[in-house]
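Please work through the following exercises with the structure in view, and try each task before reading its solution.

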Amino acid sequence: MNKFYKALGVLNEGIVIIDKQLKVCYWNNYMETITNLTFDQVNNKSILSVLPKLNTNYFKKTVNDLFESGNKAFFSAAMHKDLLNESIDYNLNLSVIDEGESKYLLLEFIDVSCQFMQINKLKSYITELHKLNTKLKEKEKIIEKLAYYDSLTGVANRTLFYELAKKMLHNAKRNNHLMCLMFLDVDNFKCINDQYGHEIGDRALIKVAEILNNAVRKNDIVARYGGDEFLILLPKIQSYDDFKVIESRISESKDILSIDGNEIEISISVGKSFYPKDGDTIDKLITKADKDMYRNKRKKFAGLLH
Amino acid sequence: MFNVSVGRASSLLSEIIDRRIILNVPDVKLLDIKTDEFHLEECLPEKSDGIFMISSICFEHELQGKASLIFSAKKIRKFIDLCIKNDETEECYELDFSDIDFDVVKEMGNIVLNSVVGEVGNLLNLKLNYTLPQVQIYNGADFYEEVDSHYSHILILNITFLIEGTRIEGAILVHLTLNSFNDIIEKIKKIKDELYE
């Protein structure tokens, strides 16, 4: 039997054997080192007083059940902190030893501190990577936005407009839908810039983009074509007059910019072209709508348009 | 019967984690593997993504079977966090489980399965011997393939954990051999007869 005790003595885990009265019968070298208590100091003493962290109802209930059932129990370090001391995490296995009429309970304290350390380290790496990944994704979105959206007004830029317009034209051709392209130009924009400066001019353009966004339907596209020129694409319209609804919303929402006591009225000239009547490419539709816009602007300033 | 046994388990778990846990077995089913169609996903009341964390013990000798406590992987993460008082798990490792998580589920499985299987043993007046649970992640189909073909019936217990307002639903499956199943049925008949005498 001494052989077995010697073997338990050299194990690199805490081994304790207690009897049914919970008194310590065996305490290996590892336990002596980790608790600074020798076997002689704990021999025949209640495990509950030797290791006060075990002095809980659930430990006592578990031990009673085990002596009755003969089965095994397991205490995880995550749920039972500081079982032996505060610096090391231990899992605890409990098994019953049957020796004739007598029953004993074997307690195995297994050091899992390394697991905790490694897992915490890994978690912190993963968290860092996750944060980095989130930042990169945000930057990717910003870059995408810069590539496809006008940085001043936030509406689509020319690149995105062409990409989307081509797809919509393709769909219109395939499904025999009508499509409308509107060309819009801010009246007297050069005068606004000259008189009030570029900062005010920029604010006027932001306001125009806002007016256009408010006027269109959910799937229409508003884009800044360049300078003070904007494009609107109305895919899938029912009749040539449908664009008038959008046009009237734009003309009705003339806005006044109030800057440093000056009131600047923003007005917009609009031209339109339709697929298939006016062309079967985006460039043809833009050219046609541009010409129409200039015709309308001239009429407006000549006082012919009501 | 099972509500009494899981009641004992819940009081032990409540003490350990120092949070009030209520455990219920709202539904019990018995399936014949040969004739009844069985899908692991259907054992759990909520739709899962097919990934489960399963804690299993086998018992042998006089009564042969395998008992498994099953949770969807998403649900068990919440449960582990509540047990170890980790209030918020980062989204990035929500479904990655560490050895620490497995140990928590092992302890919890040990407590719950001990209670349920112990109750079956009590019912049959048998002393059942089993080891500590083995915890594994499965997709539903893999688990079913691993279950030994010599089992003939499955006892399915839907189980609900209520921890401080959070409801976590799982299931306990007890796979039984035909002989063990017959023993249980025989015993239930006897109990019924005694009740009506």
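**Exercise 1.** Decide whether A:Arg217 counts as buried, partly exposed or exposed, and then do the same for A:Asp220, its salt-bridge partner.

Solution. In this predicted model, A:Arg217 has a relative accessible area of 35%. Since buried means under 20% and exposed means over 50%, with partly exposed in between, A:Arg217 is partly exposed. A:Asp220 has a relative accessibility of 10%, and therefore counts as buried. The closest N and O atoms of the salt bridge between A:Asp220 and A:Arg217 are 2.8 Å apart.

**Exercise 2.** Describe how A:Lys207 and A:Glu210 are placed along their helix, and state how they pair.

Solution. Begin with the helix: both residues belong to helix H9 (residues 198–215) of chain A, where they are three residues apart, about one turn of the helix. Next comes the pairing, a salt bridge in which the closest N and O atoms of A:Lys207 and A:Glu210 are 3.3 Å apart. Finally, A:Lys207 is partly exposed at 21% relative accessibility, and A:Glu210 is partly exposed at 39%.

**Exercise 3.** Find the separation of A:Asp194 and A:Lys190 along helix H8 of chain A, and say whether the two residues are buried or exposed.

Solution. Helix H8 covers residues 189–196, and A:Asp194 and A:Lys190 are four residues apart in it, so about one helical turn separates them. They form a salt bridge whose closest N and O atoms are 3.1 Å apart, and both residues are exposed.

Conventions:
Residues are numbered from 1 along each chain as its sequence is written. Chains are lettered from A and ligands numbered from 1 in the order in which they are written. This is a predicted model: local features need pLDDT of at least 70, side-chain atom pairs count only at pLDDT 80 or more; totals for chains, interfaces and linings use all residues. Side-chain values use heavy atoms; hydrogens and water are left out. A salt bridge is a side-chain nitrogen of Lys or Arg within 4 Å of a carboxyl oxygen of Asp or Glu. Helices (H or I, at least four residues) and strands (E, at least two) are DSSP runs, numbered from the N terminus. Buried means under 20% relative accessible area, exposed over 50%, partly exposed in between (1.4 Å probe, protein chains only).
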